[in-house]
Structure formats: C-alpha cells, structure tokens
Amino acid sequence: MNTITLGSLTLYPYGICIAVSALLGLFIAMARTGDAKEKNAIAVFAVLAFPLGFLFSRLGYCLCLLDWISDDFIGNFLAFTDGGFLYYGTLAGCLIALLITCRAEHISFGVLADRLAFPAAVTTALCCAGAALAGQGYGWGVTDWFTEDEGMSLFVLENSSFFTRFPFALSDYYGTARWAVCFPEAIIILLFALFPLRREKASGSGSAACLFLMLYASAEVLIESMRQDDVLRWGFVRINQILSVSLLIILVLILWKRYGLKASVPVRSLAGILIGVILCGLMEFALEKKISLIEWMPMDICYLISAIGCVIMFLSADRTRRAAFRAERS
C-alpha cells in the first residue's frame, strides 16, 4: 500500500480518503437538516460511529480469515496498518452507533436512519473510488479481455490500448492494466443516492435507508464478482456476495415481522431473491468454467445475466419494503 511520509509520521492515502469521505458525509448530514435536535443526534452518532465502524470493520475482516489469524487473533486484529477491513463490518458498527444514539437522544430510529441514508451513500461511493489508492478495486486484464483466444468477450479488438488508461483501467502489482471496477461501483452508488434523497422527503420511517441498503446489497453481488483483487473468498464465492444476499433476506424478514405483512408478500420476495441467487450462482460457475454446458459463455454475457439476477433480487426485496411502508402510511 502506498504511503506518504512526513517526518516520523506515515500517512496512508486510502486512510485519508476514508477519513475525508466520512467527514464529508457528516457535513452533508448536518447541512441537510435544520432541526437542532437532529443535528445534535447526528453529532452524537458521528462520535460513536467513527470508532465503532472502524473496529467492527477490522473485526469482520479478521473473522472472515479466522483460520489464518487464529494463532494470534489479538495481535493480528491490532495490526491496523497491514490493511484488511470489511464494509459490512463498518455497517454493523454504524448500526450499533445509530441504535445507541436514538436511545440516548430520544429520537426515532427511522427518522435518523433516513437522514443519514444520502450522506452514507456519498461516503460509501467515495470510499469505493478510493480503493484505487490502496491498489485494489480492479478486475480482469483489459488486453486479455478483447483477445480472440481468451474468449472473455463477444468483442475482439486488435488494439485495446484506449481502455488501458484511466479511468477505464488500473495497474495491478505487476503493472498489468486491469478493468477499474471501483470507479463504476462508485458511480452506481452515487446514482443510488438519488433514491434515498427523493424518498427521504416523504419518509422518516426508515424507508430511505432500507431502500439504499437493498440497492447496495443487490449491486454488490455483481460488483464483487467482477473484482479480481484481494477480495475475501470462501472457495470461489466472495464473502461480500454472501453477506449481501444475507442482508436482503434479513431486511425482508425484519419488515415482515415489524409490519405484520401477509405471508404471501415476503414469501414472494424470498422466492425472487432465490431466483436471482440461482442466476448469479450459475454465472459464477460459468466464469470459473466449472460446468461444461455453460463454460462456453463469454464473460461479458455472464456478467449481463448476473446483472439481471441482481435486478430480480432487488425488485423482489423491494416488494416487501413497499408493502411494509404502504401499510404504515395507511
């Protein structure tokens, strides 16, 4: 990981990016509310979320590599400068901070969650783009992608040099140009931010926050599949893919229980999520050339089908969200 040395002080560009992104998110959250009580609650949340998000992010990463660090768990956990953090660990830490803040400040969980949805989206997007500073966030090799022999794409280019530069590509450890997955990921999340922003004005019940989480989790199933950097894996399945699908299921179940919906609504949602998972799972096997019947499929077609699977997962989960908040308004 690249570093900046100022005398005896060593700074990590990616760490600076995370800190600046978090502070920008806090500024946006403060600027978007004129209520003094909400401003105070946001300040309390920030004081709690920064350390809790950091610690839980590191803890989540270490738990995912438990076999590797089991000999010296505490020592490896405290080796912060070695890198290794998990976004969903950050989310867990922020959720705990949110719960504590709402209880301490006597403010509605849904209201505060909705106020923080858009700033959280902006912060997440900037952190994703900043992964390039840590030498992460890249995908397959650009040159190999367009060659006829590799069969990675439907399109064949004799000269792919146009795509081997910023912002299309990043260089890996060996200087090979690889697709810059982190940049479209950041753009997608920023586009998602428009949805919580719009919903927030008419909500305050947690609908905006729930919508953003569903959008993010659905998209991450595809984004993680495209990454070829130091992603956390169990076999060839990325851990973030498993956590993303789990988050969708958990949100559906929570909304079902919280709003007492008819069983048919969440059952259809869960069935749709399962269909999306099956599509994405089949494409993972196709990408890894593990099923002979579909190993002929070019990778861009595999990713297109995976994208369709992710859309199905989101629309299915969102069915329960919409039903839940319609029931609340009525």
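**Exercise 1.** Work out how strand β5 pairs with its neighbours β4 and β3.

*Solution.* Strand β4 (residues 169-171) pairs with β5 in the antiparallel sense over 3 bridges, where strands are DSSP runs of E with at least two residues, numbered from the N terminus, and two strands count as paired if DSSP finds at least two bridges between them. This is a predicted model, in which local features need pLDDT of at least 70, side-chain atom pairs count only at pLDDT 80 or more, and totals for chains, interfaces and linings use all residues. Residues are numbered from 1 along each chain as its sequence is written, and side-chain values use heavy atoms, with hydrogens and water left out.

Next, Ser171 stands opposite Ala177 in β5. The two strands β4 and β5 form a hairpin with 5 residues between them, and Gly175 in the turn has a positive phi of about 85°. Finally, strand β3 (residues 138-141) also pairs with β5 in the antiparallel sense, over 2 bridges, and the bridge partner of Tyr138 is Ala180 in β5.

**Exercise 2.** Describe the second largest pocket by its volume and its lining.

*Solution.* A pocket is an open set of points on a 1 Å grid over the protein atoms alone, where a 1.4 Å probe fits, with protein on both sides within 12 Å along at least five of seven lines, and lining residues have an atom within 4 Å of a point. The second largest pocket holds about 350 Å³ of space, a volume being the space filled by probe spheres set on the points, which are joined across faces, edges and corners. Of its 14 lining residues, the closest to the centre are Trp145, Trp179, Val181, Pro184 and Met226.

Methods:
Ala, Val, Leu, Ile, Met, Phe, Trp, Tyr, Cys and Pro count as nonpolar, Asp, Glu, Lys and Arg as charged, and the others, Gly among them, as polar. Helices (H or I, at least four residues) and strands (E, at least two) are DSSP runs, numbered from the N terminus.
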